[in-house]
Amino acid sequence: MSSNRQIRVFPSPAELALSLSQLLVHESRGVDNFRIGLSGGSLVQLLSRELPKTAGLNTEGWKVAMCDERLVPFSDPESTYGEYKRQLVPLGLLSEPQFIVIDPSLTVEEAAADYEKKLREIFPGIDLPIFDMLILGTGPDGHTASLFPGHPLLQVSDKIVAPISDSPKPPPERVTLTLPVINAAKTVVFVATGEGKAAVLKRILQEECDPLPAARVSPVNGKLLWFLDEPAARDLTCPVEKHSVLNLWRGHMENPSGKTTDCPTTIL
(Lines give C-alpha, C1' and ligand atoms only; values in the text may rest on other atoms or scores of the structure.)
Protein backbone atom coordinates (compact mmCIF):
# COMPACT_ATOMS: atom_id res chain seq x y z
CA MET A 1 0.00 0.00 0.00
CA SER A 2 1.40 3.36 -1.01
CA SER A 3 2.16 5.73 1.84
CA ASN A 4 1.35 8.55 -0.58
CA ARG A 5 -2.17 7.25 -1.27
CA GLN A 6 -5.08 9.64 -1.03
CA ILE A 7 -8.72 8.65 -1.47
CA ARG A 8 -10.90 11.56 -2.52
CA VAL A 9 -14.66 11.16 -2.53
CA PHE A 10 -16.99 13.52 -4.38
CA PRO A 11 -20.77 13.93 -4.15
CA SER A 12 -21.23 13.37 -7.88
CA PRO A 13 -19.37 12.38 -11.06
CA ALA A 14 -19.71 15.98 -12.24
CA GLU A 15 -17.79 17.31 -9.25
CA LEU A 16 -15.23 14.55 -9.62
CA ALA A 17 -14.73 15.52 -13.27
CA LEU A 18 -14.27 19.17 -12.41
CA SER A 19 -11.71 18.34 -9.73
CA LEU A 20 -9.83 16.03 -12.09
CA SER A 21 -9.64 18.71 -14.77
CA GLN A 22 -8.32 21.22 -12.23
CA LEU A 23 -5.76 18.68 -11.09
CA LEU A 24 -4.58 18.45 -14.69
CA VAL A 25 -4.17 22.22 -14.80
CA HIS A 26 -2.11 22.13 -11.62
CA GLU A 27 0.08 19.17 -12.55
CA SER A 28 0.82 20.32 -16.10
CA ARG A 29 1.46 23.99 -15.36
CA GLY A 30 5.06 24.91 -16.14
CA VAL A 31 5.92 21.41 -17.40
CA ASP A 32 7.45 21.30 -20.85
CA ASN A 33 6.32 18.29 -22.86
CA PHE A 34 3.83 17.10 -20.26
CA ARG A 35 3.60 13.33 -20.74
CA ILE A 36 0.36 11.68 -19.75
CA GLY A 37 -1.18 8.24 -20.16
CA LEU A 38 -4.95 7.90 -20.52
CA SER A 39 -7.36 5.01 -20.20
CA GLY A 40 -10.58 4.36 -22.06
CA GLY A 41 -14.14 3.60 -21.05
CA SER A 42 -16.11 6.33 -19.33
CA LEU A 43 -12.96 8.45 -18.93
CA VAL A 44 -13.14 9.39 -22.62
CA GLN A 45 -16.53 11.04 -22.21
CA LEU A 46 -15.58 12.59 -18.89
CA LEU A 47 -12.49 14.31 -20.29
CA SER A 48 -14.18 15.26 -23.56
CA ARG A 49 -16.99 16.92 -21.63
CA GLU A 50 -14.89 18.66 -18.97
CA LEU A 51 -11.54 19.68 -20.49
CA PRO A 52 -12.87 22.17 -23.09
CA LYS A 53 -14.40 24.31 -20.33
CA THR A 54 -11.41 24.12 -17.97
CA ALA A 55 -9.88 27.52 -17.41
CA GLY A 56 -6.09 27.74 -17.45
CA LEU A 57 -5.49 24.42 -19.17
CA ASN A 58 -2.67 24.62 -21.71
CA THR A 59 -2.26 21.37 -23.63
CA GLU A 60 0.34 22.66 -26.05
CA GLY A 61 3.32 20.34 -25.93
CA TRP A 62 1.43 17.48 -24.31
CA LYS A 63 2.29 13.96 -25.37
CA VAL A 64 -0.60 11.57 -24.77
CA ALA A 65 -0.13 7.81 -24.58
CA MET A 66 -2.66 5.07 -23.93
CA CYS A 67 -2.23 3.06 -20.73
CA ASP A 68 -3.46 0.11 -22.76
CA GLU A 69 -5.01 -0.41 -26.15
CA ARG A 70 -7.06 -3.04 -27.93
CA LEU A 71 -5.60 -4.43 -31.14
CA VAL A 72 -8.47 -3.31 -33.35
CA PRO A 73 -8.75 -0.67 -36.09
CA PHE A 74 -9.15 2.90 -34.85
CA SER A 75 -12.59 2.92 -36.48
CA ASP A 76 -13.72 0.17 -34.10
CA PRO A 77 -15.67 1.40 -31.01
CA GLU A 78 -13.37 -0.84 -28.92
CA SER A 79 -10.34 1.29 -29.84
CA THR A 80 -9.42 3.61 -26.97
CA TYR A 81 -7.50 6.00 -29.18
CA GLY A 82 -10.28 5.81 -31.74
CA GLU A 83 -12.74 7.08 -29.13
CA TYR A 84 -10.46 9.97 -28.15
CA LYS A 85 -10.02 10.75 -31.85
CA ARG A 86 -13.77 10.89 -32.33
CA GLN A 87 -14.75 12.65 -29.11
CA LEU A 88 -11.84 14.78 -27.85
CA VAL A 89 -9.68 15.69 -30.85
CA PRO A 90 -12.46 17.55 -32.73
CA LEU A 91 -12.79 19.92 -29.77
CA GLY A 92 -9.38 21.42 -30.58
CA LEU A 93 -7.55 20.86 -27.30
CA LEU A 94 -5.32 18.10 -28.62
CA SER A 95 -4.24 17.19 -32.13
CA GLU A 96 -3.73 13.72 -33.54
CA PRO A 97 0.10 14.06 -33.69
CA GLN A 98 0.16 14.57 -29.92
CA PHE A 99 -1.06 11.00 -29.36
CA ILE A 100 1.30 8.04 -29.14
CA VAL A 101 -0.63 5.13 -30.61
CA ILE A 102 -0.23 1.51 -31.56
CA ASP A 103 -0.14 0.24 -35.12
CA PRO A 104 -3.22 -2.02 -35.29
CA SER A 105 -2.10 -3.57 -38.59
CA LEU A 106 0.70 -5.47 -36.81
CA THR A 107 0.57 -8.68 -34.83
CA VAL A 108 0.09 -8.14 -31.12
CA GLU A 109 3.77 -8.90 -30.41
CA GLU A 110 4.91 -6.55 -33.15
CA ALA A 111 2.46 -3.86 -32.02
CA ALA A 112 3.85 -4.00 -28.47
CA ALA A 113 7.44 -3.70 -29.71
CA ASP A 114 6.48 -0.82 -32.02
CA TYR A 115 4.61 0.97 -29.22
CA GLU A 116 7.58 0.59 -26.88
CA LYS A 117 9.82 2.13 -29.54
CA LYS A 118 7.46 5.10 -29.87
CA LEU A 119 7.35 5.60 -26.12
CA ARG A 120 11.12 5.56 -25.85
CA GLU A 121 11.25 8.39 -28.39
CA ILE A 122 9.38 10.67 -25.97
CA PHE A 123 11.44 9.43 -23.01
CA PRO A 124 14.96 9.62 -24.47
CA GLY A 125 17.96 8.49 -22.49
CA ILE A 126 16.18 6.60 -19.70
CA ASP A 127 15.45 2.88 -19.36
CA LEU A 128 12.18 3.28 -17.48
CA PRO A 129 9.76 5.96 -18.74
CA ILE A 130 8.52 8.32 -16.04
CA PHE A 131 5.11 9.70 -16.95
CA ASP A 132 4.03 12.97 -15.41
CA MET A 133 0.57 11.50 -14.91
CA LEU A 134 -1.33 8.31 -15.60
CA ILE A 135 -5.12 8.17 -15.34
CA LEU A 136 -6.39 4.65 -14.77
CA GLY A 137 -9.68 2.90 -14.21
CA THR A 138 -10.50 -0.45 -12.70
CA GLY A 139 -12.97 -3.13 -13.68
CA PRO A 140 -15.31 -5.11 -11.44
CA ASP A 141 -12.64 -7.83 -11.32
CA GLY A 142 -9.97 -5.38 -10.12
CA HIS A 143 -8.03 -5.23 -13.38
CA THR A 144 -6.37 -2.03 -14.50
CA ALA A 145 -4.92 -1.17 -17.90
CA SER A 146 -4.89 -4.68 -19.44
CA LEU A 147 -3.42 -6.30 -16.34
CA PHE A 148 -5.88 -8.94 -15.15
CA PRO A 149 -6.10 -10.97 -11.93
CA GLY A 150 -3.88 -14.03 -11.95
CA HIS A 151 -2.35 -13.20 -15.32
CA PRO A 152 1.42 -13.75 -15.87
CA LEU A 153 1.79 -10.14 -17.06
CA LEU A 154 1.53 -9.07 -13.43
CA GLN A 155 4.98 -10.57 -12.89
CA VAL A 156 6.66 -8.88 -15.89
CA SER A 157 9.54 -6.72 -14.72
CA ASP A 158 11.80 -6.54 -17.78
CA LYS A 159 9.45 -4.81 -20.23
CA ILE A 160 7.76 -1.43 -20.31
CA VAL A 161 5.09 -2.57 -22.78
CA ALA A 162 3.67 -6.07 -23.06
CA PRO A 163 1.38 -7.86 -25.50
CA ILE A 164 -1.58 -9.87 -24.28
CA SER A 165 -3.33 -12.33 -26.58
CA ASP A 166 -5.60 -14.03 -24.04
CA SER A 167 -7.39 -11.18 -22.34
CA PRO A 168 -10.32 -12.52 -20.28
CA LYS A 169 -12.22 -9.44 -21.40
CA PRO A 170 -12.75 -9.10 -25.15
CA PRO A 171 -11.16 -8.27 -27.45
CA PRO A 172 -8.45 -10.79 -26.53
CA GLU A 173 -5.46 -9.08 -28.17
CA ARG A 174 -4.17 -5.95 -26.46
CA VAL A 175 -1.07 -3.92 -25.68
CA THR A 176 -0.52 -2.63 -22.16
CA LEU A 177 1.90 -0.70 -20.00
CA THR A 178 3.46 -2.93 -17.36
CA LEU A 179 3.46 -2.43 -13.60
CA PRO A 180 7.07 -1.12 -13.46
CA VAL A 181 6.13 1.75 -15.79
CA ILE A 182 2.88 2.49 -13.98
CA ASN A 183 4.66 2.55 -10.63
CA ALA A 184 7.38 4.85 -11.97
CA ALA A 185 4.89 7.65 -12.74
CA LYS A 186 5.01 10.93 -10.84
CA THR A 187 1.24 10.90 -10.31
CA VAL A 188 -1.23 8.06 -10.78
CA VAL A 189 -4.95 8.82 -10.61
CA PHE A 190 -7.62 6.14 -10.46
CA VAL A 191 -11.13 7.21 -11.42
CA ALA A 192 -14.10 5.05 -10.41
CA THR A 193 -17.77 5.92 -10.23
CA GLY A 194 -21.02 4.15 -9.51
CA GLU A 195 -22.21 1.62 -6.97
CA GLY A 196 -21.17 -1.19 -9.30
CA LYS A 197 -17.54 -0.51 -8.30
CA ALA A 198 -18.17 -0.42 -4.53
CA ALA A 199 -17.43 -4.07 -3.75
CA VAL A 200 -14.20 -4.30 -5.73
CA LEU A 201 -12.97 -0.96 -4.39
CA LYS A 202 -13.32 -2.28 -0.86
CA ARG A 203 -11.12 -5.24 -1.84
CA ILE A 204 -8.57 -3.06 -3.61
CA LEU A 205 -8.27 -0.40 -0.97
CA GLN A 206 -8.72 -2.39 2.25
CA GLU A 207 -7.55 -5.97 1.69
CA GLU A 208 -3.80 -6.57 1.57
CA CYS A 209 -3.63 -10.34 0.98
CA ASP A 210 -3.51 -11.58 -2.62
CA PRO A 211 -3.83 -8.03 -4.03
CA LEU A 212 -5.81 -7.44 -7.20
CA PRO A 213 -3.98 -5.77 -10.11
CA ALA A 214 -5.24 -2.28 -9.23
CA ALA A 215 -4.01 -2.79 -5.67
CA ARG A 216 -0.51 -3.47 -7.00
CA VAL A 217 -0.26 0.11 -8.24
CA SER A 218 1.98 1.88 -5.76
CA PRO A 219 4.19 4.61 -7.25
CA VAL A 220 7.76 4.29 -6.06
CA ASN A 221 8.48 8.02 -5.90
CA GLY A 222 5.13 9.45 -6.93
CA LYS A 223 1.68 9.96 -5.49
CA LEU A 224 -1.41 7.81 -5.82
CA LEU A 225 -4.84 9.43 -5.93
CA TRP A 226 -8.21 7.72 -6.00
CA PHE A 227 -11.07 9.87 -7.32
CA LEU A 228 -14.39 8.24 -6.38
CA ASP A 229 -17.99 9.35 -6.24
CA GLU A 230 -20.06 8.56 -3.16
CA PRO A 231 -21.81 5.46 -4.57
CA ALA A 232 -18.46 3.91 -5.49
CA ALA A 233 -17.03 4.65 -2.04
CA ARG A 234 -20.06 3.54 -0.04
CA ASP A 235 -18.48 0.33 1.35
CA LEU A 236 -15.16 1.85 2.38
CA THR A 237 -14.31 2.06 6.07
CA CYS A 238 -10.72 3.26 5.58
CA PRO A 239 -9.92 6.98 5.90
CA VAL A 240 -11.07 9.08 2.95
CA GLU A 241 -11.15 12.77 2.12
CA LYS A 242 -14.59 14.11 1.30
CA HIS A 243 -14.40 16.84 -1.30
CA SER A 244 -17.00 19.24 -2.59
CA VAL A 245 -15.86 21.35 -5.50
CA LEU A 246 -18.90 23.56 -5.07
CA ASN A 247 -17.60 24.60 -1.64
CA LEU A 248 -14.04 25.41 -2.69
CA TRP A 249 -14.58 29.13 -2.42
CA ARG A 250 -15.39 28.77 1.28
CA GLY A 251 -12.34 26.72 2.25
CA HIS A 252 -14.49 24.69 4.61
CA MET A 253 -17.84 22.94 4.77
CA GLU A 254 -20.55 23.77 7.27
CA ASN A 255 -22.93 21.15 8.58
CA PRO A 256 -26.54 21.94 9.53
CA SER A 257 -25.53 22.78 13.11
CA GLY A 258 -23.27 25.53 11.83
CA LYS A 259 -20.10 23.77 12.94
CA THR A 260 -17.33 23.01 10.49
CA THR A 261 -16.36 19.47 9.63
CA ASP A 262 -12.82 18.23 9.10
CA CYS A 263 -13.56 17.13 5.54
CA PRO A 264 -11.04 18.73 3.17
CA THR A 265 -12.46 20.84 0.39
CA THR A 266 -9.22 21.54 -1.43
CA ILE A 267 -8.60 19.58 -4.60
CA LEU A 268 -4.86 19.81 -5.14
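For this tour, helices and strands are DSSP runs, numbered from the N terminus, with at least four residues for a helix and at least two for a strand. Keep that in mind when a stop is described as sitting between two of them. Also keep in mind that you're looking at a predicted model.

**Warm-up: the whole chain**

Show everything as a cartoon first. You should find six helices and eleven strands. The protein has 268 residues, and 49% of them count as buried. Among contacts with a separation of 6 or more, 73% join residues 24 or more positions apart. Expect to jump around the sequence, then, as we go.

**Stop 1: helices α1 and α2**

Select residues 13-28 for α1, then add residues 42-50 for α2. How far apart are the axes of α1 and α2? The answer is 10 Å, with a packing angle of about 70 degrees. Angles of 65 to 115 degrees count as roughly perpendicular, so that is the label for α1 and α2.

Now turn on side chains. On the α1 side, pick A14, L16, A17, L18, L20, S21 and L24; on the α2 side, pick L43, L46, L47 and E50. Those residues make the contact. Colour them by class and you'll get nine nonpolar, one polar and one charged.

**Stop 2: helices α2 and α3**

Keep α2 on screen, hide α1, and bring in α3, residues 80-87. Here the axes are again listed as 10 Å apart, but the angle is about 25 degrees. Since angles under 35 degrees count as roughly parallel, α2 and α3 get that description. The crossing of α2 and α3 is right-handed.

Which residues of α3 make the contact? Look for E83, Y84 and Q87, which meet L43, V44, Q45, L47 and S48 of α2. The class breakdown for α2 with α3 is four nonpolar, three polar and one charged. Notice that L43 and L47 appear in the α1 contact and also in the α3 contact.

**Stop 3: S39 and T80**

Step back from α2 into the loop that runs to it from β2 (35-38), and select S39. Is S39 buried or exposed? With a relative accessibility of 7%, S39 counts as buried. Zoom in on its side chain: one of its polar atoms lies 2.7 Å from the backbone oxygen of I135. Skipping neighbours within four places in sequence, S39 contacts V44, C67, T80, Y84, I135, L136 and G137.

Follow one of those contacts to T80, in helix α3. T80 is buried too, at 5% relative accessibility. With neighbours within four places in sequence set aside, T80 is in contact with S39, G40, M66, D68, E69 and R70.

**Stop 4: V217**

Next, select V217, in the loop between α6 (198-206) and β10. At 2% relative accessibility, V217 counts as buried. What surrounds V217 once neighbours within four places are left out? Show L136, T144, L179, I182, N183, V188, F190 and L224. You've met L136 already, as a contact of S39. For a distance to check, try the C-alpha atoms of V217 and F190: they are 9.8 Å apart, for residues 27 positions apart along the chain.

**Stop 5: P231**

Move along to P231, in the loop between β10 (223-229) and β11 (241-242). P231 is partly exposed, with 35% relative accessible area. Not counting residues up to four places away, P231 touches G194, E195 and A198. Its C-alpha atom is separated by 8.2 Å from that of G196, which is 35 residues away along the chain.

**Stop 6: backbone oddities**

Finish with three spots in loops. First, N33 lies between α1 and β2. Its phi is near 55 degrees, a positive value in a residue other than glycine. N33 is partly exposed, at 48% relative accessible area.

Then try A145, between β6 (133-136) and β7. A145 isn't a glycine, yet has a positive phi of about 50 degrees. Unlike N33, which is partly exposed, A145 counts as buried, at 9% relative accessibility.

Last, select P170 and P171. What form does the peptide bond between them take? The bond from P170 to P171 is cis, with omega near -5 degrees. You'll find P171 in the loop between β7 (161-164) and β8 (174-177).

How values were computed:
Residues numbered from 1 in each chain as written. Predicted model: local features only at pLDDT ≥ 70, side-chain atom pairs only at ≥ 80, totals over all residues. Heavy atoms only, no water. Axes fitted to C-alpha atoms, helices over the stretch in contact; angles between N-to-C directions. Parallel < 35°, antiparallel > 145°, perpendicular 65-115°, else oblique. Left-handed = near helix turned anticlockwise from the far one by under 90°. Contact = heavy atoms within 4.5 Å. Nonpolar A, V, L, I, M, F, W, Y, C, P; charged D, E, K, R; others polar. Buried < 20%, exposed > 50% of the residue type's maximum accessible area, 1.4 Å probe, protein only. Polar contact = N/O pair within 3.5 Å; in protein donor to acceptor, adjacent residues only side chain to side chain.
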